[in-house]
Amino acid sequence: MLFTLKKIIGNMLLPLPFLLSLMAIALLLLWFTRWQKSAKTLLTASWLTLLLISLQPVADRLLMPLEANYSTYSPEAQRETPVEYIVVLGGGYTYNAEWAPSSNLFPNSLPRVAEGIRLHRLIPGSKLVFTGANAETNPVAYATTAAMVAESLGVAKQDIIVLDRAKDTIEESQAVAELTNDRPFLLVTSANHLPRAMQIFQNAGLHPIPAPANQMATLGPLNPWEKAFPSALYLSHSERVWYETLGSWWLKIKE
């Protein structure tokens, strides 16, 4: 119950639903009250905020500090600290047996699995560990779905470990602790999620080695219109910043 409530409140506070709620309040004030000036101010501020965080230069500069904490894992590091387990954290997914396996993973999840497979191939004898329980309306767990994708891309079944009970990052750290004991392991997740995930796993007394995936913020070359026009893609980048900020606040509250 608490988990579901946390998710509902968290999603309501994300930029798009939150700003649309403010706009709705402003419209109600405009149509049904005398608070015209306040309504116009609220509507203008919420609309302008939505516009700005949907622009690439704004969204990616907000996201960059989160993604800049850790570098892509280098195979040379394996000689310094050998690892056996490559832990790939759960993300968004669905399940349809008629689809290509990779189509069941949402855009934040597939790059994590791809990076996990890349590292597995670079580290002979390693085990790929997928975490994540099933969504409430989905009979198939995320970890199982990710494992199916890995197998479809050539990873041997005996090299895959499925931890399909954990519902969030804290529970994932608890499940991984039972598997790895005191040994170091690679922790693969989206670059924007990795700082918070590292904190959670370290707080659990574990020894994760960061392996970021799914980097999104860029200062690289883009078409001019990609920088000039608002886009749902870049709004999602801003959303990741706010989501991780909310997650960090929740961690502090729980402490």
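These legends go with a set of close-up views of a predicted model.

**Notes for every view.** Residue numbers start at 1 along each chain as its sequence is written. Because the model is predicted, local features need pLDDT of at least 70 and side-chain atom pairs count only at pLDDT 80 or more, while totals for chains, interfaces and linings use all residues; side-chain values use heavy atoms, with hydrogens and water left out.

**View 1. The whole chain, before zooming in, has eleven helices and five strands.** Here helices (H or I, at least four residues) and strands (E, at least two) are DSSP runs, numbered from the N terminus. The C-alpha trace spans about 70 × 45 × 45 Å along its principal axes. Out of 255 residues, 39% count as buried, with buried meaning under 20% relative accessible area, exposed over 50% and partly exposed in between (1.4 Å probe, protein chains only). Take the contacts (heavy atoms within 4.5 Å) with a separation of 6 or more: 72% of them come from residues 24 or more positions apart.

**View 2. Glutamate 115 pairs with arginine 118 inside helix α6.** This is a salt bridge, with 2.8 Å from N to O; the term covers a side-chain nitrogen of Lys or Arg within 4 Å of a carboxyl oxygen of Asp or Glu. Side chains of opposite charge can pair when their charged atoms come close. Both residues sit in α6 (residues 110-122), three residues apart, or about one turn of the helix. Glutamate 115 counts as buried because its relative accessibility is 10%. Arginine 118, at 33% relative accessible area, is partly exposed. The structure holds six salt bridges, and the next two views pick out others.

**View 3. Aspartate 159 reaches lysine 127 through a salt bridge.** The N to O distance is 3.4 Å. Aspartate 159 lies in the loop between α7 (142-152) and β3 (160-163), and lysine 127 belongs to strand β2 (residues 127-131), so the pair ties together parts that are 32 residues apart in sequence. Lysine 127 has 23% relative accessibility and therefore counts as partly exposed.

**View 4. Glutamate 244 and arginine 240 form a salt bridge in helix α11.** Their side chains meet at 3.3 Å, N to O. The two are four residues apart in α11 (residues 232-254), about one turn of the helix. Glutamate 244 and arginine 240 are both buried. Bring Arg196 into the frame too: Arg196, Arg240 and Glu244 are linked in a network of salt bridges.

**View 5. Helices α8 and α9 cross at roughly 45°.** The axes of α8 (residues 169-180) and α9 (residues 194-203) come within 9 Å. Axes are lines fitted to C-alpha atoms, for helices over the stretch in contact, and angles run from 0 to 180 degrees between N-to-C directions. The helices are therefore oblique to each other; angles under 35 degrees count as roughly parallel, over 145 as roughly antiparallel, 65 to 115 as roughly perpendicular and the rest as oblique. On the α8 side, look for Thr169, Ile170, Glu172, Ser173 and Val176, and on the α9 side for Ala197, Ile200 and Phe201. Sorted by class, that contact has five nonpolar, two polar and one charged residues. Nonpolar takes in Ala, Val, Leu, Ile, Met, Phe, Trp, Tyr, Cys and Pro, charged takes in Asp, Glu, Lys and Arg, and the others, Gly among them, are polar.

**View 6. Glutamine 199 sits in helix α9.** With a relative accessible area of 33%, glutamine 199 is partly exposed. Its C-alpha atom is separated by 19 Å from that of tyrosine 85, 114 residues apart along the chain.
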